[in-house]
2 protein chains.
Amino acid sequence: MNLKHAIIFVFFSLNIYSQTVKQSLSLIPWPKEIQTKQGFFKINPEFSLNITGNAHPRIYKAATHFLRRLDGRTGLFLKQGFITKSDEDSNAQLQIHCQRKGEVGIYEDESYSLEINEKSIIIDAVTDIGALHALETLLQLLQNNSDTFFFPNVSISDKPEFKWRGLMIDVARHFQPVEVIKRNIDAMAAVKLNVLHWHLVDDQGWRIELKNRKKLTELASDGYYYTQEEIKNIIQYASERGIVVVPEIDVPGHATAILTAYPEIGSNYKKNPSEQTASSYSIERNAGVFRPTLDPSNPNTYKILSEIFDEVCPLFPGKYFHIGGDENEGKAWDDNPVIQEFKKKKGFQTNHELQSYFTLQLVPMFKKHDKDIVGWEEIMNEKMPKSTIIHSWKGANEGSTAGASLINAVKNGYRTILSNGFYIDLMQSINEHYMSPIIPKNAKLTTKEREHILGGEATMWSELVTAQNIDSRIWPRTIAIAELFWSNPQNPDVSNLLQRLPSVSNRLEELGITHIRNKEVILRNIANYQNTFALEYFSKLCEPLKIYTRNKGGTEYHMYSPFTLFADACTVDASEALQFNWAVNQYLKEINPTNLASVTSFFEQWKTNHKELVVLSENAPLIQPILPLSESLSLLSEELLQIIHHNKEYDTVYLNQLWEKCNSKEYADVELAVVIGLKKMIENLK
Amino acid sequence: MNLKHAIIFVFFSLNIYSQTVKQSLSLIPWPKEIQTKQGFFKINPEFSLNITGNAHPRIYKAATHFLRRLDGRTGLFLKQGFITKSDEDSNAQLQIHCQRKGEVGIYEDESYSLEINEKSIIIDAVTDIGALHALETLLQLLQNNSDTFFFPNVSISDKPEFKWRGLMIDVARHFQPVEVIKRNIDAMAAVKLNVLHWHLVDDQGWRIELKNRKKLTELASDGYYYTQEEIKNIIQYASERGIVVVPEIDVPGHATAILTAYPEIGSNYKKNPSEQTASSYSIERNAGVFRPTLDPSNPNTYKILSEIFDEVCPLFPGKYFHIGGDENEGKAWDDNPVIQEFKKKKGFQTNHELQSYFTLQLVPMFKKHDKDIVGWEEIMNEKMPKSTIIHSWKGANEGSTAGASLINAVKNGYRTILSNGFYIDLMQSINEHYMSPIIPKNAKLTTKEREHILGGEATMWSELVTAQNIDSRIWPRTIAIAELFWSNPQNPDVSNLLQRLPSVSNRLEELGITHIRNKEVILRNIANYQNTFALEYFSKLCEPLKIYTRNKGGTEYHMYSPFTLFADACTVDASEALQFNWAVNQYLKEINPTNLASVTSFFEQWKTNHKELVVLSENAPLIQPILPLSESLSLLSEELLQIIHHNKEYDTVYLNQLWEKCNSKEYADVELAVVIGLKKMIENLK
């Protein structure tokens, strides 16, 4: 081999090597630029880090936390304990350099570079916030063989595609304790999200302690609210992780909680306003869109709101304040002659114009506190200041075109963020979210317009979500969404994502995320603390009902209903169902005995599993509701096995009947996620 | 059958029925008086409760929480939502009557009666705190068949044997976040404990925010401390559950954290006191008994302590304040000529006299705040006021007779509580704790002296415990200890306890206790998110090293070491080991093929399991440390199987060698809990 060949060979093999390593890296979000190199950095107890430059103090805490996480995974007993500003160690293997202090907020420089070689790791960032991202990337790079932990040698240069990468948590429908918010902030940071949108007020509760207006928590929180110290503490916690907190007080609709405390500013018509007493409104216990709405014609409405904002705004140092504004149907306005008179006097034709009037009254209240208003798309009107951020949320479910208001907003000179496509309460699959781009493919945008699309937010509405299972509703799907926000993949490849996802999702456990552990807790309760094997297996075939089909009309469940049911344990992307559907596809691609056997092994297991569930159910009433579904699956399995193995006659009617029963959504608020594969098998066997 | 016979028969069968029902009731602590009756109260969605009398508001919150817990277990969608004082429903099925408001504290009336019949449940209590206990008992009574939940008809009349039923949590060695404390308060209430002893200060950290002396948290907490609002919030939370909080600031030893902030009151000798700078002391990172001690000769010591107590006392409304006082070895005093001079001048012969002088200076500081002093047994001296409570803790491990100081205290007219026997950090079995009575069997006590024995406390020292696994160290063993404190069984029957325990332990999950779920989290990390079956199985054979044999000398682990290791997942009373040892005993009682087979099935499984662990370890470095132990067990299993099934020659030396290897405590900080059974089998096969 001559030199030229040798070089080509080396280059070629290096390239293959790089490809392989790159494919095995479980990085999410995928970095903007990454080059893998041969070799690795081995971690031993002497591993230490050093911070230079002029960083915000958050980096020292984060670096200490990084060491503890690394040590927790590796069990290496790293010698370095706490990192403080006074520690300096130019010999440390991991060198972190930040040029300047970062400020949380969407316009900060979050870029970083990460260079791993055999002997050293170098993180370079303009701000410490970039360095935080680099540390998360580094943790994701951790690999091992049988007795060593190491980082593969790589060069990464990374920065986000979108400035606003948010997660909204609704704490009004079901209150979420401080630790739930905190652990989710940690998880957000792990996937480089930077905005926590805190939906603090809705029909079902007011969750902010106000010193000047104690009635709000006394009458409209059931005792579940955040004290101002807790709010400050959470903001501080978020800031230490590079995340800005955007509070939301939803007005003028979704106002039952506010009106429970201040019925006098409600739109219900009373001939004598003094009749507008506490009994006019009470905290909503159901889910849905409700009538109670603030009275836009009443000066007192603005006085009270202004005073509330005066107390709430200073609690939140961030630049943005979300005023809601969604789903005001205006029914209470239509029914109130005083408001109708006001509307007429002002020359408003529509309730939207009336709402716009209302919204415009709020503008100076926030200008005073130097806040930019964010609001759901309904707040848009031509008089709103251009500093407003329009939160686009409507789509097919609301009879709109997905993202239409997003484009409309930037065309009108507003900044905007998108949540349509990222409604994680709808129980849609990773695939559905991941294939939902922020910027519609066919959108024709100027550079300026493109810049005004700030990013997006996953929205965790909590009607059907408690502190026990909220993590399993947010994660892992929000990991996929986070990649859209940071990397904005032009040709999203979900199968590639799914290879990287399990590791990132599993590691959220280290941050206290309960998406795995609490599923088991719910199942143990359902099984009455008998062996959960069969129940857990069945839960991997089922998914909770989707897109508002659970709790249809909002009246089956109250906010205090038990959310300890089978549907509450099940998750989207049911793992065993995915396996089955995949096995069916393999079989249909290549019909042979091996592929058939892998399909029929599921049928065998489903028969056995049903028998076990029946036995379990004898001492577990909460299993009863799922038996009909399990039985249908078992019967269909039996029938298919008879056809396949014993040449039983193919009975179209009977098979379809059985399949329809498997496809039922009448039991236990779940659906069998294997019906697609089953349908294909039935067709195939015909 | 004539009437007389019929009556006898009915009586007889009722009696049998009652016995059976009584045995199946998983009540812990077992009530003072209980009568079971035929029949049951069936629970349906209309189930509701009503509160009458003059109770403290805590009962409404507790009753609401009771409904939610009941609903969570049954999934019945109970219609009653929130219970408030204004709700009144004389037709409610569950009637709760409280005569008067309860005050948390150890002298409150905690008695209750609970009467369950087909159509009604009646709880009667002097105070709402008794009613809280009744609600916990009622939840423990919940039973079910295949599709119904019910309470069995019973009559219970109950009250505690001891007034002080405590759990101590050390938050200095490893800080425990607010939610850890809260969920453990819930669990305490579930088993009728009433004192949370909060060990807030030790060598490894100061955990209380002081507004007047910020240096303490700035310099001696690593940022991990409770704000005053959090402290108040926790006290409120405890009070709502009938639990009083007793803070501890440990002085004059265990003072490294205090001295890190205030080196000038330390006992280290410097010719020039101004040399006593911050560098003299720094937060301790190891475990053990350390030299740093407050200077009893320095007036400034008392000035600073007095000011600290002036700020801390008002935070805690309870009557008791724990001043520690333990393990002051006086080494720093011996080495300091100024202190020696002071000692001589005061005419003290021993360091204990000098410590007594110190302690007596503290008495007025607490009298001022109307607090009774509690302290570890070392604080006892004849000049302490009789209001002092002596906390007896020493026993065999400290070269003392267990409970000696308890008897000594009451003989000297002091009140006392016992913790010797309840050191749950020692990793001893339920049996060992349960067979450890508060009052020594042979103690001869007057009525007054008996009354002065207030109760006991389980102590959760946290050197080797983090927020992730603390629950599995406290529970379920503290359930057994709680029964000692409440019921004081005269002839404790551990096998009876063990029948009742699983259900009570499992149900702690409902309160957020993580003793089951977090074990799985730790194992998943160790297994590197591969299938944990083999690892989990092996963890059920192993127990963490006991009685100070893990981290011998206190230097192997730092407070920031990884506690994510196999030993941290393992628990006392390893379940599979108990099964094996039981199977061996059965076999030795009755040597027959069936009983032999049940023993050898373990050997087969251990061989298989080892192979699986080896495979797992190829991608999980954290499994490596346990392989030698697993291998030894596999080899011994193989050898025993060869002898039993293949008549291999019995090789005493080889078998003993193998057994010794299984009995090793050199690997992964665990011990194989099956060695007792193995030893017996080896002896038997000889």
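Trainee: What makes residues 26-158 of chain A a "Beta-hexosaminidase bacterial type N-terminal" domain?

Mentor: That name comes from an unreviewed UniProt entry, whose annotation covers residues 26-158 of chain A. The model itself is predicted. In it, this stretch of chain A is 23% helix and 35% strand, with its end C-alpha atoms 16 Å apart.

Trainee: How many helices and strands does chain A have, and why is chain A called as compact as a globular protein of that length?

Mentor: Chain A has 25 helices and 18 strands. Its radius of gyration is 28 Å, and the globule rule gives 26 Å for 686 residues; the two are close, so chain A counts as being as compact as a globular protein of that length. The C-alpha trace spans about 90 × 75 × 50 Å along its principal axes.

Trainee: What share of chain A counts as buried?

Mentor: The cut-off for buried is under 20% relative accessible area, and 61% of the 686 residues fall in that class. Chain A exposes about 26800 Å², with carbon and sulfur atoms supplying 52% of that area.

Trainee: Which residues of helix α12 of chain A are buried, and what do they pack against?

Mentor: Helix α12 covers residues 404-411, and its buried residues are Ser405(A), Leu406(A), Ile407(A), Ala409(A) and Val410(A). Contact requires heavy atoms within 4.5 Å; the buried residues of α12(A) pack against β14 (389-392), β15 (415-418), α14 (447-452) and β16 (453-460) of chain A.

Trainee: What phi does Gly413(A) take, just after α12(A)?

Mentor: Gly413(A) has a positive phi of about 90°.

How values were computed:
Residues are numbered from 1 along each chain as its sequence is written. Chains are lettered from A and ligands numbered from 1 in the order in which they are written. This is a predicted model: local features need pLDDT of at least 70, side-chain atom pairs count only at pLDDT 80 or more; totals for chains, interfaces and linings use all residues. Side-chain values use heavy atoms; hydrogens and water are left out. UniProt positions are given in the numbering used here, feature names are shortened, and annotations may be inferred rather than shown by experiment. Helices (H or I, at least four residues) and strands (E, at least two) are DSSP runs, numbered from the N terminus. The radius of gyration is taken over C-alpha atoms; the globule rule is 2.2 Å times the number of residues to the power 0.38. Buried means under 20% relative accessible area, exposed over 50%, partly exposed in between (1.4 Å probe, protein chains only). Accessible areas come from the Shrake-Rupley method with a 1.4 Å probe; for residues, only the protein chains shown count as cover.
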